[in-house]
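Colleague: Before I set up anything on this system, I would like to go through a few local features with you. Please put the structure up, and let us take my questions one at a time.

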Amino acid sequence: MTTREKILAAVLQNQSPKNPLPDISQFKGYKENAVKTYMETFDSIGGKAFLVEDMNATKTLIRENFDITQRMVTTLPELEDIANLISPTVDPHTFQDVEVAIIQAHLAVAENGAVWLTEQVMGHRILPYICQHLAVVVEANSIVPTLHEAYAQIGEGQYGFGGFIGGPSKTADIEQALVLGAHGPITMTVFVIQPLPISDNLTT
Amino acid sequence: MKPNGTKDHAALAEDFIKDEERVNWHDGSLWWIRQKRDKAAKNIPEWEELREAASQIKSNVISNLHEYLLQFEANLQKNGITVHWADSAQEHNEIVYSILKAKGFTEMVKSKSMLTEECQLNEYLAERGIDVINSDLGEYIQQIDNEPPSHIVLPCIHKRKEEIGELFHEHLGTEKGLSDPTLLTRVARKHLRNIFMTRRAALTGVNFAVAETGEYVVCTNEGNADMGAHLSEVQIASMGIEKIIPQKKHLGVFLRLLARSATGQPITIYSSHFKKPRKGQEMHMILVDAGRSRQLGRADFRDSLKCIKCGACMNTCPVYRKSGGLSYHNTISGPIGAILAPNLDMKRHADLPFASTLCGSCSNVCPVKINIHDQLYKWRQEIVKEGYAANTKALGMKAMSWTLSSPGSYTAAGKAGRWVLKNIPIAINNKLNPWYKGRDMPDGPKESFSEWYEKNKDDKS
Ligand code: SF4
């Protein structure tokens with residue numbers, strides 16, 4: 001008998017009488033105020049969230065908030081004038097000196113502040129983890145209330161790797177003192193893009 | 001590893017409680033985390049329903065594990081991940097070694113995994129010339145101090161920053177006397193980044209394994225699992241077979257509970273879903289039994305396999321908080337460790353189920369509703385029956401069960417006890433009474449509740 005067969009046989013023999021799966025469809029949050037809740041939650045976990053009207057406003061804030069003389073990379077062609085577009089074939093180790101990485105998230109979760117990214121938007125799996133500062137762009141209407149709606153949207157997901165990221169890397173291993181930037185980014189910024197309704201544009 | 005020798009929990013705890021100031025500090029740190037958990041739980045109106053759902057999902061897993069393991073294995077293979085099975089710690093370690101040897105690698109970086117601690121993987125590989133570095137900061141600190149983690153989520157919660165500063169001075173060449181947590185973390189960041197950049201093999205644990213899709217989820221706050229995995233040529237994941245969940249949507253339930261229960265955060269900073277290797281990368285999954293299928297067969301204890309390793313039961317346990325994780329002489333300490341350990345070796349861990357007040361606080365905070373304190377009580381009976389209990393405790397248990405099962409003797413014993421406490425307290429407050437250690441016995445009440453009730457029941461005021 002192989003180890004595999006041995007383990008499987010023991011499991012089959014020892015498992016308990018059948019228990020059904022519970023219905024979890026009742027779990028959901030409220031879509032109202034999702035943007036506001038998201039921004040507040042994200043700030044409370046050590047991140048910085050900005051509500052912006054469009055990509056141009058995002059660019060201005062990036063220039064104001066980061067040291068653009070350092071290496072800036074992005075996977076967004078719209079940001080090519082302030083950061084280098086990365087090539088997916090490059091060796092991951094070459095990202096070690098990236099100061100700021102700017103990428104777009106598929107969605108964000110209001111209840112916990114996390115954004116969902118797959119390797120398709122990361123350009124490279126290591127990018128959002130190895131950079132010193134992470135900047136993420138997310139559309140306001142892609143913010144969902146809780147993880148339940150997030151998984152409903154993700155579905156099976158066509159990715160080899162995907163991750164929720166909820167703030168800058170952190171540790172509290174030394175006497176419970178919170179330190180941002182354990183191994184990964186020291187800061188994380190999210191730009192929530194919410195175009196102003198036309199009527200509001202006229203009145204301002 | 002520093003040997004714990006043959007001392008039992010009580011003796012090891014005695015060493016820990018000698019430093020009263022440290023005990024109070026340790027107690028306070030953990031209670032603070034417990035309070036953060038309470039606050040986070042209260043922010044979720046459906047918290048109790050989530051716990052119930054999580055518990056039921058795990059009950060389903062425990063009753064269909066065979067089927068889910070087969071489904072998971074098939075999906076892993078479809079995704080291009082090589083699957084291995086290990087019946088024991090030894091077999092697990094041999095598999096890791098054979099993967100590294102085939103590549104000619106002599107170094108590996110590891111992110112937090114209690115399973116590999118349980119298997120003593122680092123020691124096994126070191127003997128074969130392979131250097132392993134633990135990249136979680138707390139685990140790294142424990143590793144350079146040659147000590148196992150004392151808590152499953154907060155490995156060095158028992159250490160003062162000055163002690164960590166001293167270790168860094170010795171091992172990383174920091175200035176003597178440096179103890180600022182931010183500065184120390186920055187030094188470790190630089191050192192470990194260098195490790196991540198140069199190691200070609202990375203091993204991670206697994207928090208959740210989705211049978212339906214063949215992906216697995218690893219949760220960290222530091223991002224160390226990702227730094228290791230995404231820079232490696234060979235990525236290995238080690239998981240206990242109980243880590244399976246049926247469907248991807250169930251992650252919504254567990255990820256909402258895990259970090260809130262562990263540290264009071266709304267979600268771990270990084271919840272990474274690994275499904276397929278990167279181009280040019282090799283991925284391996286090792287499915288480990290090491291006693292789990294046996295625990296599955298013990299009807300009274302099989303629910304312990306629902307554990308998602310959040311650590312909440314430790315943070316709330318009055319015994320854990322005052323005796324320190326290392327006093328449990330087992331990889332998983334605290335209340336859940338005391339249930340899991342006797343399954344592995346009942347004789348060696350016979351003392352652990354007794355390291356509890358049975359107050360039930362652990363069961364109350366457990367996100368998957370394991371009846372932890374009931375199981376501890378059941379282990380005590382099992383251990384006494386098998387003849388493994390320490391003599392003093394066995395006698396006490398026997399006397400207690402006789403007293404509790406006979407109302408007459410209970411009343412008499414209560415009366416006698418109160419008389420003794422009042423008139424000759426030295427008979428109780430002496431070193432021969434194990435309950436006197438570390439505490440003062442209370443003053444006895446003047447009368448028992450039933451005496452009071454007898455006197456007052458007709459008093460219809
Ligand atoms: S037994 Fe429950 S509370 Fe304790 S670590 Fe496991 S899941 Fe958390």
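Colleague: In which loop of chain B does B:A290 lie?

Modeller: This is a predicted model, and local features are taken up only where pLDDT is at least 70. Phi of B:A290 is near 40 degrees, which is a positive value in a residue other than glycine. As for its place in the chain, B:A290 lies in the loop between β10 (282-288) and α12 of chain B.

Colleague: Does B:A290 count as buried or exposed?

Modeller: The cut-off for buried is under 20% relative accessible area. The relative accessibility of B:A290 is 13%, and therefore the residue counts as buried.

Colleague: Where does A:Q176 lie, and is A:Q176 buried or exposed?

Modeller: A:Q176 has a phi near 60 degrees, again a positive value in a residue other than glycine. The residue lies in the loop between β10 (170-171) and β11 (179-180) of chain A. Because its relative accessibility is 15%, A:Q176 counts as buried.

Colleague: Between which parts of chain B does the largest cavity lie?

Modeller: The structure holds four cavities of 30 Å³ or more, and the largest has a volume of about 200 Å³. Of the 16 residues that line this cavity, the closest to its centre are B:E118, B:R292, B:I332, B:L340 and B:L344. Two elements of chain B, α12 (292-297) and α15 (334-344), give two or more residues to the lining. Residues of both domains contribute to that lining, so the largest cavity lies between domain 1 (34-290) and domain 2 (295-386) of chain B.

Colleague: How do the residues of the lining of the second largest cavity divide by class?

Modeller: The second largest cavity holds about 80 Å³ of space, and 14 residues line it, with B:C307, B:C310, B:C313, B:C366 and B:P367 the closest to its centre. By class, the lining of this second largest cavity comprises twelve nonpolar, one polar and one charged residues.

Colleague: What distance separates the end C-alpha atoms of helix α9 of chain B?

Modeller: At the start of α9(B), a side-chain oxygen of B:D180 comes to within 3.2 Å of the backbone nitrogen of B:T182, and the buried residues of the helix include B:L184, B:A188, B:L192 and B:I195. The helix runs over residues 181-198, and at 1.5 Å a residue its 18 residues should span 26 Å, which agrees with the separation of the end C-alpha atoms, 26 Å.

Technical notes. Residues are numbered from 1 along each chain as its sequence is written. Chains are lettered from A and ligands numbered from 1 in the order in which they are written. Side-chain values use heavy atoms; hydrogens and water are left out. On a 1 Å grid over the protein atoms alone, a cavity is a set of points where a 1.4 Å probe fits but cannot get out, and a pocket is an open set with protein on both sides within 12 Å along at least five of seven lines; lining residues have an atom within 4 Å of a point. Grid points are joined across faces, edges and corners, and a volume is the space filled by probe spheres set on the points. Helices (H or I, at least four residues) and strands (E, at least two) are DSSP runs, numbered from the N terminus. Domain bounds come from an automatic or database domain assignment. Ala, Val, Leu, Ile, Met, Phe, Trp, Tyr, Cys and Pro count as nonpolar, Asp, Glu, Lys and Arg as charged, and the others, Gly among them, as polar. The expected span of a helix is 1.5 Å times one less than its number of residues. Buried means under 20% relative accessible area, exposed over 50%, partly exposed in between (1.4 Å probe, protein chains only). A polar contact is a pair of N or O atoms within 3.5 Å; within protein, one must be able to donate a hydrogen and the other to accept it, and residues adjacent in sequence count only if both atoms are side-chain atoms.
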